[in-house]
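This report is meant for a reader meeting the structure for the first time. Please look through the sequence and the model below before reading on.

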Amino acid sequence: MLYGKLDERRAETAGLLARVLREETTGTPQAVSERDAAAQMYSEQLATLSAVEQGLCFGRLDLDPDRPPPPSIDGDPGPIEGLDQDVLYVGRLGLLDDQHDYEPLLVDWRAPAARPYYTATAASPDGVRRRRHIRSRSRRVTAVDDEILDLEEAARVGATATQRTGLTGEAVLLAALSAGRTGRMGDIVATIQGEQDRVIRSSANGVVVVEGGPGTGKTAVALHRAAYLLYTHRRQLARRGVLVVGPNPTFLRYIEQVLPSLGETSVLLSTVGELYPGLAAHRHEPAAAAALKGHVDMAKVLATAVRDRQELPRRPIRLHVDGEPVVVDRDVVAQARTRARRTRRPHNDAKRTFVREVVDQLARREVDRVGRDVQGGGNLLDRGDLADVRAGLRADPDLRAVLDELWPTLTPPRLLADLWTSPQRLRAATRGWSGADRDLLARDAAPADLLDGAWWSSADAVLLDEVAELLGEDDTAAREAEERKREADEAYAAGVLEILAMEEDWDPELLRPTDVVDASVLADRTREATYASAAERAADDRTWTFGHVIVDEAQELSPMAWRVLMRRCPSRSMTLVGDVAQTGARGGASSWAEVLSPYVAARWRREVLTVNYRTPAEIMAVAADVLAAIDPTATPPESVRESGVAPRAVAADEAGLVEAAAAAARAAREAVVDVEGAGRVAVLAPGERVDGLAAALGVAAGPTGAADPTVDLAAEVVVSEVADAKGLEFDAVVLVDPAGVVDASPRGLNDLYVALTRATRSLVVVHPDALPTVLGRLDAA
Ligand SMILES: Nc1ncnc2c1ncn2[C@@H]1O[C@H](COP(=O)(O)OP(=O)(O)OP(=O)(O)O)[C@@H](O)[C@H]1O
């Protein structure tokens with residue numbers, strides 16, 4: 001019945017979309033944009049209706065008719081569907097019965113009425129007597145699991161009340177967790193657990209930090225929270241959009257299907273390095289350089305670098321304007337510069353003040369000199385003359401060139417490229433720094449195309465955003481481009497009209513196209529329709545501010561990156577998800593208070609997730625020893641299950657290492673990849689071993705090259721360094737050279753912890769040297 005309803009809704013929406021697209025508009029820009037907006041709305045609705053096909057309905061609640069009303073919720077109440085019904089079906093979207101007074105047939109999982117589906121327990125049943133989990137494949141129900149939460153009801157049907165483990169829908173959950181991985185993250189709507197639900201539905205206001213060890217569902221929770229917030233605060237959030245920030249492009253690809261599968265499209269997924277429009281920075285740089293660029297001191301360095309571009313002439317510059325001598329000297333420029341700086345406006349904006357002040361002073365000098373009344377002691381020239389002199393100076397190309405030299409209009413890439421490639425500028429901006437640090441920033445010549453992504457690293461892209469703030473927007477180029485496009489459109493339209501006018505056998509009694517439209521009107525009508533959603537528009541606009549920002553693996557961000565994100569979210573409605581024990585970046589966080597205090601002082605709240613859904617207990621025991629070495633006070637998350645496969649260590653000498661690792665990977669593939677192609681293996685190793693291992697296994701080493709800087713997630717076996725596997729998971733992990741991983745960075749133990757916790761089933765550690773002592777448990781096994 002529900003699928004029938006869904007098909008009806010799809011057909012209706014497709015019909016509406018087709019009608020809108022066929023409709024003639026009156027051709028005015030307003031009518032065109034109204035039509036585009038309607039088309040966009042129906043396309044999005046259609047996408048949502050298609051996205052919910054799999055597992056449309058996954059739950060049923062049988063409620064106590066005498067239950068108390070649900071507690072009020074934060075923000076918009078949202079649709080209150082189903083609050084007074086005693087049997088509710090819960091699913092991926094809400095469906096109403098238009099034949100019967102719009103009774104809810106299916107309740108959206110995010111609606112208040114659906115909440116007990118996730119939170120009710122035997123101890124606190126929330127009015128729920130029975131919770132049914134419905135599993136389906138395509139449009140067929142494959143299994144039904146009931147949880148009886150009401151003791152009397154349990155006795156009546158001869159069942160024992162469930163909740164032995166505190167897990168909701170244990171059978172469905174365990175089935176989901178032990179399924180083979182596909183290389184892409186899936187949604188968890190059917191099995192969200194109580195502690196996760198609390199975070200997902202927590203208030204949109206302010207900053208919430210979600211902490212939890214590996215595999216506790218932080219990523220899953222963050223994405224479902226985005227979907228929940230969009231549902232509950234649709235009006236505000238769809239307009240401003242939601243930004244989800246991840247640590248690298250591979251991770252974004254890993255999670256990119258989750259929100260669309262929940263029917264949500266107004267979300268922009270990005271790394272911080274990709275937020276600078278028009279630039280796809282992908283240069284790999286040493287970790288030390290990236291850490292230095294992320295340090296908060298860079299804000300001062302960049303501010304100095306911008307000030308250093310506001311120069312004083314070394315010696316007076318002599319010009320002739322309208323035949324009169326003009327001298328631009330240090331005093332004039334210094335005074336104008338002080339005035340311009342005092343405006344506290346960004347560099348490119350303040351230039352206007354600078355130019356005005358220089359011109360003004362030169363004009364006064366000129367008037368003083370030319371008009372001085374030697375006998376009377378006054379001045380023979382009046383205000384009108386002063387204005388004329390000013391206008392003459394302002395229009396003079398030589399003076400303009402001099403002022404452009406002294407206070408150049410700059411773009412962010414220009415300023416930063418000049419800074420990196422000029423030892424002199426770099427020295428001036430980093431006074432007091434060591435030569436070694438400065439060398440980490442210095443670069444050879446910049447490319448002709450300053451937006452060439454191969455030249456910039458993602459730490460650079462973050463700095464470009466900071467520089468853009470210091471320089472201010474210079475939209476001259478954008479405006480000129482728009483103007484050029486408009487002219488080209490008009491020229492094309494004029495050509496079209498000309499061809500039509502040449503038509504020989506046009507009936508003289510009939511109107512010709514040229515009688516009713518001219519080139520400008522035609523250009524308007526044929527303007528490309530822009531179906532830009534909030535997310536698409538936000539991606540092209542550096543100054544766009546989002547309604548909510550979600551940061552995953554937030555511990556990896558540098559202080560400079562935090563500055564970018566805080567600028568994008570002045571409302572500070574944010575969800576930050578992370579685990580400081582997994583921090584790999586040298587400039588990353590070791591404490592949330594330290595990260596957040598400059599922006600929100602102590603006004604942030606903390607939520608903790610405690611259950612590990614990914615890593616089986618056997619592997620987590622090994623990882624817990626590593627966690628204790630990182631932070632003896634930390635508590636490892638508790639694994640929800642055992643896999644029955646003990647993790648193993650395999651010793652190999654250096655010569656046989658690659659072969660031993662390859663053999664382990666082949667065996668793992670044999671064990672985990674099923675007939676349908678589900679099941680994934682990762683070989684994780686220090687960076688310098690990756691290519692050799694990939695060659696031995698005959699697979700591409702990830703990341704797969706500059707143009708596509710991502711690990712190939714579709715591959716059954718992936719070879720990658722640990723940093724690129726952050727946030728991902730695999731059925732089996734072969735970890736090669738653990739001591740090498742530990743030694744590779746000051747946060748090597750954290751990387752080891754990340755590597756150990758990627759597996760959902762099995763772990764093999766292949767080691768050339770003695771096993772690091774933190775992995776002693778493996779030796780004993
Ligand atoms: N309630 C749940 N139901 C089903 N699967 C879940 C649930 N919670 C988490 N998972 C699964 O557990 C795995 C780990 O989740 P996730 O990647 O969100 O953890 P994480 O805390 O972000 O881990 P890490 O810090 O290691 O990146 C994923 O496969 C996720 O789908």
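## The start of the chain

Methionine 1 lies in the segment that comes before helix H1 (2–22). In this predicted model, methionine 1 counts as exposed because 11 other C-beta atoms lie within 10 Å of its own, and a residue is called exposed when that number is 12 or fewer. Although methionine 1 and leucine 105 are 104 residues apart in sequence, their C-alpha atoms are 9.2 Å apart in space.

## Confidence of the prediction

The protein chain has an average pLDDT of 86, and 89% of the residues score at least 70. Over residues 75–79, however, pLDDT stays under 50, and the model has eleven contacts beyond four places in sequence for this stretch. For the complex, the predictor gives an ipTM of 0.98 together with a pTM of 0.84.

## The nonpolar cores

The largest nonpolar core holds 174 residues, and the members that touch the most others are Ala226, Ala661, Val683 and Val734. Helix H7 (residues 218–232) contributes ten residues, the largest share of this core.

Once residues up to four places away in sequence are left aside, valine 734 touches Ala661, Ala664, Ala665, Ala668, Val681, Val683, Val764 and Val766. A second core, separate from the largest one, has 20 residues, among them Val328, Ala363, Val367 and Trp407.

## Around the ligand

The ligand is surrounded by 23 residues, of which Thr191, Pro214, Gly217, Lys218 and Thr219 come nearest. Helix H5 (170–178) and helix H7 each supply at least two residues of this shell. By character, the shell residues divide into eleven polar, eight nonpolar and four charged.

## Helix H20

Helix H20 (residues 458–471) has 14 residues, which at 1.5 Å a residue should span 20 Å, and the end C-alpha atoms of the helix are indeed 20 Å apart, so the expected and modelled spans agree. Just after H20, glycine 472 takes a positive phi of about 85°.

H20 is mostly covered, since twelve of its 14 residues are buried. The buried residues include the charged-type side chains Asp460, Asp465 and Glu466, as well as Ala461, Val462, Leu463 and Leu464. The partners against which the buried residues of H20 pack are helix H11 (287–294), helix H12 (297–307), helix H14 (347–371), helix H17 (412–421) and helix H25 (559–567).

Methods. Residues are numbered from 1 along each chain as its sequence is written. This is a predicted model: local features need pLDDT of at least 70, side-chain atom pairs count only at pLDDT 80 or more; totals for chains, interfaces and linings use all residues. A nonpolar core is a set of buried Ala, Val, Leu, Ile, Met, Phe, Trp, Tyr and Cys residues joined through C-beta atoms within 7 Å. Helices (H or I, at least four residues) and strands (E, at least two) are DSSP runs, numbered from the N terminus. Two residues are in contact if their C-beta atoms, placed from the backbone, lie within 7 Å. A residue is near a molecule or strand if its C-beta atom, placed from the backbone, lies within 6 Å of it. The expected span of a helix is 1.5 Å times one less than its number of residues. pLDDT is the predictor's confidence in each residue, from 0 to 100.
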